[in-house]
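The following exercises concern side-chain pairing, burial and packing in a single protein chain. Each task is followed by a solution in steps.

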Amino acid sequence: MERAKKQRSLAEKINVMRASVMGANDGILSIAGIVIGVAGATSNSNAIFLAGIAGMLAGTVSMAMGEYVSVNTQRDSERRAIEKESAALDDHYQDEFDFIQHKYMQTGIPAELAKKATHEMLQKDGLYTAVRERYGFNPREQTSAYAAAFASMIAFPTGSILPLVSITFFPPAIKIVATVAAVIVALTVTGYTAAALGNANRGRAVLRNIVSGLLTMVVTYVIGSLFAH
């Protein structure tokens, strides 16, 4: 029981960290796109700052609500899967037994050993085992929608601060270049962190993050420049 609680706590912490990193990354990317785009249209610092603040407030609410809805939708789907599997175990136990045994056999376990393992696992915790093998998630892990939403609500404006401050306080002659450089550094950090949390390729994730950020800023700057003329 204690081990299950620790595993659940770790899973919740990882989910909150994921929401925080992605929220910060979206904050950096979204606000960088907004302020660079407006800077392409005007050199008025007040206009650029107000556009950035408006984007930050809208993005904060959007990210928090989006994370809340997303997690609750996932939990609803998992709840339906658990109910469906519980009914399947009651009405078609042998079919579920055969499915799990066959799945174990596909990993190279001999038929008799797979049958014994399936019997023991279903006897010990039938619903947990069946849901895990049939649907691929741990029914004991419950992600907190409130924690994920709160993490995004804090992370998005935190990430937004860097491009907003850069475009506002750097000298006019270098403000765009300085903002782009600051955003690249920030996206490198968030890309690497997200890859580390997901155990993905760090270099590829960082490169993908930087390219998407540069593309966003180039597109918004070009559009802003067109409106300026």
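**Exercise 1. Determine whether E133 is buried or exposed, and trace its charged partners.**

Solution.

Step 1. E133 has a relative accessibility of 12%, so it counts as buried; the classes are buried under 20% relative accessible area, exposed over 50%, and partly exposed in between (1.4 Å probe, protein chains only). The model is predicted: local features need pLDDT of at least 70, side-chain atom pairs count only at pLDDT 80 or more, and totals for chains, interfaces and linings use all residues. Residues are numbered from 1 along each chain as its sequence is written, and side-chain values use heavy atoms, with hydrogens and water left out.

Step 2. E133 is placed in helix α4; helices (H or I, at least four residues) and strands (E, at least two) are DSSP runs, numbered from the N terminus.

Step 3. Side chains of opposite charge can pair when their charged atoms come close. The criterion for a salt bridge is a side-chain nitrogen of Lys or Arg within 4 Å of a carboxyl oxygen of Asp or Glu. K103 meets this criterion with E133, their closest N and O atoms being 3.7 Å apart. Because K103 lies in helix α3 and E133 in helix α4, this pair ties together parts that are 30 residues apart in sequence. K103 is partly exposed, at 29% relative accessibility.

Step 4. A salt bridge also joins E133 to R132, with 3.0 Å between the closest N and O atoms. R132 has a relative accessible area of 23% and is partly exposed. K103, R132 and E133 are thus linked in a network of salt bridges.

Step 5. Beyond four places in sequence, E133 is in contact (heavy atoms within 4.5 Å) with F99, I100, K103 and Y104.

**Exercise 2. State how many salt bridges the structure holds, and describe the one between E96 and R134.**

Solution.

Step 1. The count for the structure is 4 salt bridges.

Step 2. In the pair E96 and R134, the closest N and O atoms are 3.0 Å apart. The two residues are 38 residues apart and link distant parts of the chain, with E96 in helix α3 (residues 93–106) and R134 in helix α4 (residues 111–135).

Step 3. E96 is buried at 7% relative accessibility, whereas R134 is partly exposed at 32%.

**Exercise 3. Identify the surroundings of T118.**

Solution.

Step 1. T118 belongs to helix α4 and is buried, with 1% relative accessibility.

Step 2. A polar atom of the T118 side chain lies 2.7 Å from the backbone oxygen of A114.

Step 3. Not counting residues up to four places away in sequence, T118 touches F97, I100, Q101 and Y104.

**Exercise 4. Compare the span of helix α2 with its expected value, and examine its start.**

Solution.

Step 1. Helix α2 (residues 45–91) has 47 residues. The expected span of a helix is 1.5 Å times one less than its number of residues.

Step 2. From first C-alpha to last, α2 reaches 68 Å, close to the expected 69 Å.

Step 3. At the start of α2, a side-chain oxygen of N44 comes within 2.9 Å of the backbone nitrogen of N46.

**Exercise 5. Which residues touch the most other members of the largest nonpolar core, and which helices supply this core?**

Solution.

Step 1. A nonpolar core is a set of buried Ala, Val, Leu, Ile, Met, Phe, Trp, Tyr and Cys residues joined through side-chain atoms within 4.5 Å. The largest has 17 residues, of which I31, V35, I167 and V183 touch the most other members.

Step 2. At least two residues of this core come from each of α1 (2–41), α2, α5 (145–169) and α6 (175–197). The largest share, 7 residues, is supplied by α1.

Step 3. Apart from this core lies another, of 7 residues, including F97, I100, Y104 and A130.

Step 4. Leaving aside neighbours within four places in sequence, the contacts of I31 include G52, G55, F156 and L164.

**Exercise 6. Locate I36 and list its contacts.**

Solution.

Step 1. I36 lies in helix α1 and is buried, with a relative accessible area of 2%.

Step 2. I36 and S225 are 189 residues apart in sequence, yet 10.0 Å apart in space, C-alpha to C-alpha.

Step 3. Excluding neighbours within four places in sequence, I36 is in contact with I167, I176, T179, V180, M217, T220 and Y221.

Definitions and conventions: Polar contact = N/O pair within 3.5 Å; in protein donor to acceptor, adjacent residues only side chain to side chain.
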